[in-house]
Amino acid sequence: GWITAFDPSASSIYHGGSVELTRRMASAGRWSDGLFARIAYTYSKVLDTAENELFTSVVNPRRAQDFNNLRAGYGPSGLDHTHHFALAMVYQLPKYHGTGAFAKGFLNGWMVSPSYLAETGQAVTPLSFKDANGNGDSAGDRAILNPNGVGMTSSDVNLVCRNAATGATSIVSTCADADTVGYVAQNPNAKFLVARPGAKTTTGRGIMRMPGIDNWNLAISKQTHFTESKYLEFRVTMINAFNHGQPLLGYGNIN
């Protein structure tokens, strides 16, 4: 049977800096005194040699490419988000001091609360999903990088099969493992090629980035007080208020 071990031999490093600005509500009576705002920005970098031993991410390698040289897998972590910006605001509309009970009841107590989040996308690695290095784990070996490939394209490979009797070779789609002596890209213009058993993968870890997060939320509320402690609250909360598409990681692809 197989034995899987989790050796504490990987390494990681994090560097980062952040800044936060806060504006608190005041009570001097100006229109802007009802505004609370908090702005935060973080710039950081996370580098490691492994982050996915328990297969928490299908789009990053689960095992080291070379167990004898973990440093060869050093690169951006799946936890790396270089830029992170967050904005949270609460604005209490100025109080209406005019006459009329209905007008006061309707116009007072309104509050608008927008929030915004922008973040660099996750670092991901082009994978073959083939056991190229023969370690018994087919979950996440890397792909082969074609330096002359075009765009973000990928291709499988055909097999170069050797006839055991004559020694002649031919390019086929299926061949016995013992008779497979090489591979030929089905699309030679593809950027990433599937690394099948015995092929040396050349793609680095974390060389691709998911699209980042860019999202607004918005809440609008109104409190109508009947007594000092009893009131009725009306609230509308909009998640992704502007219906902006946010990319999510699917099973080995981008949705």
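Is I39 buried, exposed or partly exposed? Partly exposed, with a relative accessible area of 32%. Keep in mind that this is a predicted model.

Let me stay with I39 for a moment. I39 sits in strand 2. Together with V19 and L21, I39 makes a nonpolar surface patch. The area of that patch is about 260 Å². Patch members need over 30% relative accessible area, and I39 has 32%.

Now move along strand 2, which covers residues 35-48. S44 is in that strand too. Is S44 buried or exposed? Buried, because its relative accessible area is 7%, and the cut-off for buried is under 20%.

What surrounds S44? I leave aside neighbours within four places in sequence. What remains is two runs of residues: Y14, H15 and G16, then D80, H81 and T82. Look at H81 in particular. H81 is in contact with S44, and its backbone oxygen lies 3.4 Å from a polar atom of the S44 side chain.

Next, the disulfide. How many does a search of the whole structure find? One. The partners are C161 and C175, with their sulfur atoms 2.1 Å apart. For the torsion people: 65 degrees about the S-S bond, so right-handed.

Where are the two cysteines? C161 lies in strand 9, residues 157-162. C175 lies in the loop between strand 10 (169-172) and strand 11 (180-185). So the pair ties together parts that are 14 residues apart in sequence. Both C161 and C175 are buried. And a reminder on chemistry: a disulfide is a covalent bond between the sulfur atoms of two cysteines.

Last stop, W216. This tryptophan is in strand 14, residues 213-225. Its relative accessibility is 31%, so W216 counts as partly exposed.

Which residues does W216 touch, again leaving aside neighbours within four places in sequence? L87 is one of them. Then come P114, S115 and Y116. Then I239, N240, A241 and F242.

One distance to finish with W216. How far is W216 from A143 in space, C-alpha to C-alpha? The answer is 36 Å. In sequence, the two are 73 residues apart.

Quick recap. I39 is partly exposed and S44 is buried. The C161 and C175 link is right-handed, and both of its cysteines are buried. W216 is partly exposed, at 31%. That's my tour.

Conventions
Residues are numbered from 1 along each chain as its sequence is written. This is a predicted model: local features need pLDDT of at least 70, side-chain atom pairs count only at pLDDT 80 or more; totals for chains, interfaces and linings use all residues. Side-chain values use heavy atoms; hydrogens and water are left out. Helices (H or I, at least four residues) and strands (E, at least two) are DSSP runs, numbered from the N terminus. Buried means under 20% relative accessible area, exposed over 50%, partly exposed in between (1.4 Å probe, protein chains only). A polar contact is a pair of N or O atoms within 3.5 Å; within protein, one must be able to donate a hydrogen and the other to accept it, and residues adjacent in sequence count only if both atoms are side-chain atoms. Contact means heavy atoms within 4.5 Å. A disulfide is a pair of cysteine sulfur atoms within 2.5 Å. Patches are made of residues with over 30% relative accessible area and no salt bridge: like charges are joined within 9 Å, nonpolar side chains (Val, Leu, Ile, Met, Phe, Trp, Tyr) within 5 Å. Accessible areas come from the Shrake-Rupley method with a 1.4 Å probe; for residues, only the protein chains shown count as cover. A salt bridge is a side-chain nitrogen of Lys or Arg within 4 Å of a carboxyl oxygen of Asp or Glu.
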